[in-house]
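Trainee: I am new to this structure and would like to go through it slowly, one part after another. Could you take my questions in turn and show how each answer is reached?

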Amino acid sequence: MRLDLHIHTTLGSACSSMSPDEMMKSALEADLDGVCITEHNRIWKPEQADGLSQKYGIAVFRGIEITTTGGDILVFGLDEEPQGMMTPHQLRQRVDEAQAVAIAAHPFRGFLLFGFGMLQMSVDDAKDNPTFSQVHGLEICNSKVTDEENEFARTVAEMMGLIKLGGSDAHDIDGVGSCVTVFDSVIRSDNDLARAILTGKFSLERCK
Ligand SMILES: [Zn+2]
Ligand SMILES: [Zn+2]
C-alpha cells in the first residue's frame with residue numbers, strides 16, 4: 001500500500017495552498033493508495049476523511065504534526081489534539097496512552113542555514129538531541145529539506161535504532177507523492193497505520 005504520510009491542506013494548515021480536493025487529485029496522479037493528513041496541530045474529523053476517501057476511492061488517514069518545545073513531531077494514531085504547547089516528553093506520554101506513534105519531522109531542517117554546520121556536527125552530537133529520546137522514529141525522507149539533511153537523519157536514525165519514516169510534507173499539488181512509504185500490509189484504520197509504522201514493515205520510495 002503506497003501512502004504519502006505527511007500532507008498539509010487549506011482545511012487545517014494556513015501555510016498550505018492546496019485544497020483537500022486538489023490533494024486527492026494529485027494523490028491519484030501519483031498513483032497512491034492513500035494519504036495521511038498531518039495538519040499543523042489539528043486532526044481532521046473522521047467524517048472529513050471518510051467523505052474524501054469515498055469520493056476518490058483511496059484511503060485517507062488522519063495524523064497530526066504537533067509543534068512542541070523540541071521541534072515538530074508527527075503523530076499517527078491520536079484521536080484528540082493535545083492542547084497548548086507541550087514538551088516532547090509530555091507529548092510522548094499522550095502518545096503512549098493512545099498507543100500512537102511519534103516521529104520527529106524533518107529533524108535536521110535548516111541545519112546548514114542556521115550555520116552551526118551539519119558537516120561539523122557529528123552523529124554523536126546529533127544523537128544527544130533530547131527530542132530523539134521521546135520519539136519512535138525520525139523522518140528521513142522529506143521533500144522540503146536538502147538531500148544532505150535527509151541523509152544525516154537516516155544515519156542518526158540507524159545509529160539510534162529508530163524507525164525511519166518518509167512523507168512529502170506537501171503544501172501544494174506538486175509535492176504530493178514525492179516521498180512515498182510502501183507498506184506490506186493493507187491498512188484500514190488510523191490505529192492500523194500506527195501499528196504498521198511501529199512494526200517497521202515498510203520501505204521508502206521516490207525519496208528526493
Ligand atoms: Zn506548514
Ligand atoms: Zn509538515
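**Helices, zinc sites and a disulfide**

Mentor: Let us begin with helix H1, bearing in mind that the model is predicted. What covers the buried residues of H1 includes E1, strand E2 (34-37), H2 and E3.

Trainee: Which residues of H1 are buried, and on how wide an arc around the axis do they lie?

Mentor: The buried residues in H1 are Pro 20, Met 23, Met 24, Ser 26 and Ala 27. They are on the same side of H1, because the arc that they cover around the axis is only 165°.

Trainee: Which residue follows H1, and what is its phi?

Mentor: The residue to look at after H1 is Asp 31. Its phi is positive, and the value is near 65°.

Trainee: Turning to helix H2, why are its buried residues said to be on the same side?

Mentor: Helix H2 spans residues 46-56, and within it Ala 49, Leu 52 and Tyr 56 are buried. As general background, an α-helix has 3.6 residues a turn, so residues three or four places apart point the same way. The buried residues of H2 are placed on the same side because they cover an arc of only 70°.

Trainee: Against what do the buried residues of H2 pack, and which exposed residues does the face turned away from them carry?

Mentor: The buried residues of H2 pack against helix H1 (20-29) and strand E3 (59-68). On the face turned away from the buried side of H2, the exposed residues are Glu 47, Gln 54 and Lys 55.

Trainee: Which residue comes just after H2, and what phi does it take?

Mentor: The position just after H2 is held by Gly 57. The phi of Gly 57 is positive, at about 80°.

Trainee: Which residues are the protein donors of the zinc ion (ligand 1), and how many residues apart in sequence are Cys 15 and His 171?

Mentor: The zinc ion (ligand 1) has as its protein donors Cys 15 (SG), His 40 (NE2) and His 171 (NE2), which lie 2.1 to 2.3 Å from it. Along the chain these donors follow the spacing C-x24-H-x130-H. Cys 15 belongs to the loop between strand E1 (2-7) and H1, and His 171 to the loop between E7 and E8, so the pair ties together parts that are 156 residues apart in sequence.

Trainee: Is Cys 15 buried or partly exposed, and what is the relative accessible area of His 171?

Mentor: Cys 15 has a relative accessible area of 45%, which means that it is partly exposed. His 171, by contrast, counts as buried, because its relative accessible area is 16%.

Trainee: Why is the arrangement around the zinc ion (ligand 2) called irregular?

Mentor: The protein donors of the zinc ion (ligand 2) are His 6 (NE2), His 8 (NE2), Glu 65 (OE) and Asp 169 (OD), at 2.1 to 2.2 Å from it. Both His 6 and His 8 are buried. The four donor atoms subtend angles of 81 to 172°, and therefore the arrangement is irregular.

Trainee: How far apart are the zinc ion (ligand 2) and the zinc ion (ligand 1)?

Mentor: We have now met both zinc ions with their donors. The distance that separates the zinc ion (ligand 2) from the zinc ion (ligand 1) is 5.0 Å.

Trainee: Which cysteines form the disulfide, and how many residues apart in sequence are the parts that it ties together?

Mentor: The structure holds one disulfide, formed by Cys 141 and Cys 179 with their sulfur atoms 2.5 Å apart. Cys 141 is in strand E6, whereas Cys 179 is in the loop between strand E7 (163-166) and strand E8 (180-183), so the pair ties together parts that are 38 residues apart in sequence.

Trainee: Is this disulfide left-handed or right-handed?

Mentor: The sign of the torsion about the S-S bond of Cys 141 and Cys 179 is what decides this. The torsion is about -90°, so the disulfide is left-handed.

Trainee: Where is Asn 142, and which side chain is joined to its own by a polar contact?

Mentor: Asn 142 is in the loop between strand E6 (137-141) and helix H6 (147-160). Asn 142 counts as buried, because its relative accessibility is 0%. A polar contact of 2.9 Å joins its side chain to that of Glu 139.

Definitions and conventions. Residues are numbered from 1 along each chain as its sequence is written. Chains are lettered from A and ligands numbered from 1 in the order in which they are written. Side-chain values use heavy atoms; hydrogens and water are left out. Helices (H or I, at least four residues) and strands (E, at least two) are DSSP runs, numbered from the N terminus. Buried means under 20% relative accessible area, exposed over 50%, partly exposed in between (1.4 Å probe, protein chains only). A polar contact is a pair of N or O atoms within 3.5 Å; within protein, one must be able to donate a hydrogen and the other to accept it, and residues adjacent in sequence count only if both atoms are side-chain atoms. A disulfide is a pair of cysteine sulfur atoms within 2.5 Å. The arc is that of the directions from the helix axis to the C-beta atoms. Contact means heavy atoms within 4.5 Å. Donors are N, O and S atoms within 2.8 Å of the metal (3.2 Å for Na, K and Ca); water is not among the atoms, so sites may look incomplete. Four donors count as tetrahedral if all angles lie between 85 and 135 degrees; four count as square planar and six as octahedral if opposite donors are over 155 degrees apart and all others between 65 and 115; anything else is irregular.
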